[in-house]
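Visitor: Please take one part of this model and go through it closely, with what packs around it. I would like the numbers kept with the residues they belong to.

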Amino acid sequence: MVDFTTISPHIFVKISPKAKRLALRLDGRARRVNLVIPKKASLKKAYEFAELNSAWIKDKIEGLPRPVPYTNGTILPIMGINRTLRIVNNGGKTTQITLTDAELIVISPLDDVTPRIGRYLRNLALEKLGELAHLKASQLNRKLSKFVVRDMKSRWGSCSTDGRMTLSWRLIFAPMASIDYVISHEAAHLHHPDHGKKFWELCEKLSTDFTIGHDWMQKNGVSLGRYGEIIQ
Ligand SMILES: [Zn+2]
């Protein structure tokens, strides 16, 4: 078996029946470079190709926003407001997490609070993003039949015309204008499944600040993947 990790630990091999040629594609949110190998291509050739491009891979990965683990003193931009993460290790039995205007305070007996903070923020996203999603749907005289948050690899959300909306919980780290834009975008799919002219008109109408929200996501969306546990 060919071991591509000797070139870079960030290489992720994808054997594709559809691909015509070898290709490298940066997946910034997963912090990896996908090496696309056509089904019929030789792995030896693929290895040589990746090796030839190893400097490119290194540059791309190093150019990504640095990961921000959940450690004491870390700044987390929760709903666009910078909050300092305060982790207090105590001898108690349970973990308590409190969000204030300036801080996210975690009081816990656990050595590793990362999974707990992750769960807290997911729940916060479910509640806060959910409120806005239901509101936008009601502005269209529609109801969401299902609303969930997940870690999504290649997009920020999805919504079917029959009312099932999914959002990336990582949107909780975005400014409000961008949260509003993404939710308006998904809500607009309740009426239009495509990205045609009518869809964009509705999306813009639903958004409180379409241009700022949309442009921020285009430029900085990738940075939302860097907090806490990184998607694998
Ligand atoms: Zn869309």
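**The β8-β10-β9 sheet and the helix on it**

Guide: Strands β8 and β10 run parallel and are joined by 5 bridges. One of the pairs is Phe147 with Met165, its bridge partner in β10. The model is a predicted one, and every value below is computed from it.

The sheet itself is open and has 3 strands, in the order β8-β10-β9, with mixed pairing. β8 and β9 (157-159) are its edge strands, and each of them pairs on one side only. On average, neighbouring strands of this sheet are turned by 10° against each other, direction ignored.

Two helices pack on this sheet. α3 touches β8 and β10, and its direction makes about 140° with that of β8. α4 touches β9 and β10, with an angle of about 25° between its direction and that of β9.

α3 is the part to look at in detail. It covers residues 114-139, which is 26 residues, and reaches 37 Å from its first C-alpha to its last. That is close to the 38 Å expected at 1.5 Å a residue. The helix nevertheless has a kink of about 25°, centred on Gly130. After α3 comes Asn141, with a positive phi near 60°.

Which residues of α3 are buried? They are Ile117, Leu121, Ala125, Leu129, Ala133, Lys136 and Ala137. A general point helps in reading that list. An α-helix has 3.6 residues a turn, so residues three or four places apart point the same way. The cover over the buried residues of α3 includes the strands β6 (96-99), β7 (103-108), β8 (146-150) and β10 (164-168). Also included are two helices, α4 (176-188) and α5 (197-206).

Two of the buried residues in α3, Ala125 and Leu129, reappear in the largest nonpolar core. This core has 34 residues, and those with the most contacts inside it are Ala125, Leu129, Leu167, Leu171, Val182 and Ala187. The elements giving two or more residues to the core are β7, α3, β10, α4 and α5. In soluble globular proteins, nonpolar side chains tend to be buried together.

Ala125 shows what such a position touches. Leaving aside neighbours within four places in sequence, Ala125 is in contact with Val149, Trp169, Leu171 and Ile172. Val149 falls within the residue range of β8, and Leu171 is itself among the residues with the most contacts inside the core.

There is a second, separate core of 8 residues, and Ile11, Ile37, Ala46 and Ile57 are among them. Two of these residues lead to another sheet, since Ile11 is in β1 (11-16) and Ile37 is in β3 (32-38).

That sheet is open as well, with 3 strands in the order β1-β3-β2 and mixed pairing. β1 and β2 stand at the edges with a single partner strand each, so one side of each has no neighbour in the sheet. The twist from one strand to the next averages 30°. β1 and β3 pair in the parallel sense over 6 bridges, and Ser16 stands opposite Pro38 in β3. On the other side of the pairing, 5 bridges join β2 (residues 23-27) to β3, and these two run antiparallel. Here Leu24 has Leu35 as its bridge partner in β3. β2 and β3 form a hairpin with 4 residues between them, and Arg31 in the turn has a positive phi of about 50°.

Back toward α3, Thr95 is a residue outside the regular elements. It lies in the loop between β5 (81-89) and β6. Is Thr95 buried, exposed or partly exposed? Thr95 has 16 other C-beta atoms within 10 Å, so it counts as partly exposed; a buried residue would need 20 or more, an exposed one 12 or fewer. Not counting residues up to four places away in sequence, Thr95 touches Val106, Ser108, Leu110, Val113 and Arg116. Of these, Arg116 falls within the range of α3. Thr95 and Phe210 lie 39 Å apart, C-alpha to C-alpha, at a separation of 115 residues in sequence.

For the setting as a whole, the protein has 6 helices and 10 strands. Its C-alpha trace spans about 55 × 55 × 30 Å along the principal axes. Of the 232 residues, 26% are buried. Among contacts between residues at least 6 apart in sequence, 50% join residues at least 24 apart.

Note on methods. Residues are numbered from 1 along each chain as its sequence is written. This is a predicted model: local features need pLDDT of at least 70, side-chain atom pairs count only at pLDDT 80 or more; totals for chains, interfaces and linings use all residues. The expected span of a helix is 1.5 Å times one less than its number of residues. The bend at a residue is the angle between axes fitted to the seven residues ending there and the seven starting there. Two residues are in contact if their C-beta atoms, placed from the backbone, lie within 7 Å. Two strands pair if DSSP finds at least two bridges between them. A nonpolar core is a set of buried Ala, Val, Leu, Ile, Met, Phe, Trp, Tyr and Cys residues joined through C-beta atoms within 7 Å. Axes are lines fitted to C-alpha atoms, for helices over the stretch in contact, and angles run from 0 to 180 degrees between N-to-C directions.
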